[in-house]
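Dear colleague,

Please find below the structure that I am handing over to you. A summary of what was found in it follows directly after.

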Amino acid sequence: MLDKILKFIATKLEEENNRISEIERKYEDSGWIEANGKFCKYRKKNGIVTICGFSAGGGLEIKDSYKIIATLPGGMRPSDSVYFAVNPAGGNASISGYVNAKGEINLYASIATTYWAYSLTYPVDD
């Protein structure tokens with residue numbers, strides 16, 4: 001009888017340890033990771049991905065069509081496209097962007113510009 005009780009306790013402890021490991025994995029902090037230098041860096045913390053980047057003249061030019069500036073790895077990608085506004089950083093361009101489920105971060109500007117900045121956050125399913 002004691003063997004059955006000990007086996008039951010061991011099984012329950014293993015199940016609880018597995019559950020705790022899953023919770024820890026979901027809420028870990030990846031730290032900041034560069035995807036394309038200053039143009040894109042990202043981080044996942046507590047199941048939330050934050051992405052930001054900038055270009056300050058002489059940097060990455062965007063104009064007239066969507067341009068993929070970086071691609072996020074699996075685990076950092078949204079389940080569907082997430083759209084966001086982009087700061088023209090003092091210029092006259094109207095700029096927008098989106099990140100799709102393939103992890104491609106796209107920016108669009110109404111006129112050619114190398115001045116822009118953005119940041120966005122979204123939850124991810126693990």
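Two rings of Phe, Tyr or Trp, the last taken by its six-membered ring, are called an aromatic pair if their centres lie within 6.5 Å. A search of the whole structure with this rule finds six aromatic pairs. Please bear in mind throughout that this is a predicted model.

One of these pairs deserves a description. A pair of aromatic rings is described by the distance of the centres and the angle of the planes. For Y66 and Y98 the centres are 5.0 Å apart and the planes stand at 75° to each other. The pair counts as edge-to-face, because planes over 60 degrees apart fall in that class. Y66 belongs to the loop between β3 and β4, while Y98 belongs to strand β6, so that the pair links distant parts of the chain, 32 residues apart. Are the two rings' residues buried or exposed, or something in between? Y66 is partly exposed, with a relative accessibility of 40%, whereas Y98 is buried at 17%.

Aromatic residues also gather elsewhere: F39, F84, W116 and Y118 make up one aromatic cluster. In addition, the ring of W32 has the charged end of K41 over it, at 5.0 Å from the ring centre.

Overall architecture

The protein has one helix and eight strands. Read from the N terminus, the order of the elements is α-β-β-β-β-β-β-β-β. Of the 126 residues in the protein, 31% are buried. Among contacts with a separation of 6 or more, 55% are between residues 24 or more positions apart.

Four of the strands form an open, antiparallel sheet, in the order β1-β2-β3-β8. Its edge strands are β1 (33-34) and β8, each of which pairs on one side only. The antiparallel strands β3 and β8 are joined by nine bridges. Within this part of the sheet, C52 stands opposite S119 of β8.

The nonpolar core

In soluble globular proteins, nonpolar side chains tend to be buried together. How many residues does the largest nonpolar core have here? This core has 24 residues, and those with the most contacts inside it are I51, L72, I105, W116, Y118 and Y122. Two or more residues each are contributed by β3 (48-56), β4 (67-71), β5 (82-86), β6 (95-99), β7 (104-109) and β8 (115-123). The largest share, four residues, is that of β8.

The surroundings of Y42

Y42 is placed in strand β2, which covers residues 41-45. With a relative accessible area of 7%, Y42 is buried, because the limit for that class is under 20%. Leaving aside neighbours within four places in sequence, Y42 is in contact with G31, W32, I33, A35, T50, I51, L72, P73 and M76. Y42 and S119 are 77 residues apart in sequence, yet their C-alpha atoms are 9.4 Å apart in space.

The salt bridge

Side chains of opposite charge can pair when their charged atoms come close. The structure holds one salt bridge. Which residues form the salt bridge? The side chains of E104 and K102 meet in it, with 3.8 Å from N to O. The two partners differ in accessibility: E104 counts as buried at 19%, and K102 counts as exposed at 54%. The value for E104 is under the 20% limit and therefore falls in the buried class, while that for K102 is over 50% and therefore falls in the exposed class.

Two residues with positive phi

Finally, I draw your attention to two residues in loops. N46, although not a glycine, has a positive phi of about 55°. N46 is found in the loop between β2 and β3 and is partly exposed, with a relative accessibility of 41%. D64 is likewise not a glycine and has a positive phi of about 60°. D64 lies in the loop between β3 and β4 and counts as exposed, at 53% relative accessibility.

Yours sincerely

Definitions and conventions. Residues numbered from 1 in each chain as written. Predicted model: local features only at pLDDT ≥ 70, side-chain atom pairs only at ≥ 80, totals over all residues. Heavy atoms only, no water. Salt bridge = Lys/Arg side-chain N within 4 Å of Asp/Glu carboxyl O. Buried < 20%, exposed > 50% of the residue type's maximum accessible area, 1.4 Å probe, protein only. Core = buried A, V, L, I, M, F, W, Y, C linked by side-chain atoms within 4.5 Å. Phe/Tyr/Trp six-rings, centres within 6.5 Å; stacked < 30°, edge-to-face > 60°. Lys NZ or Arg CZ within 6 Å of the ring centre and 35° of its normal. Contact = heavy atoms within 4.5 Å. Pairing = 2+ DSSP bridges.
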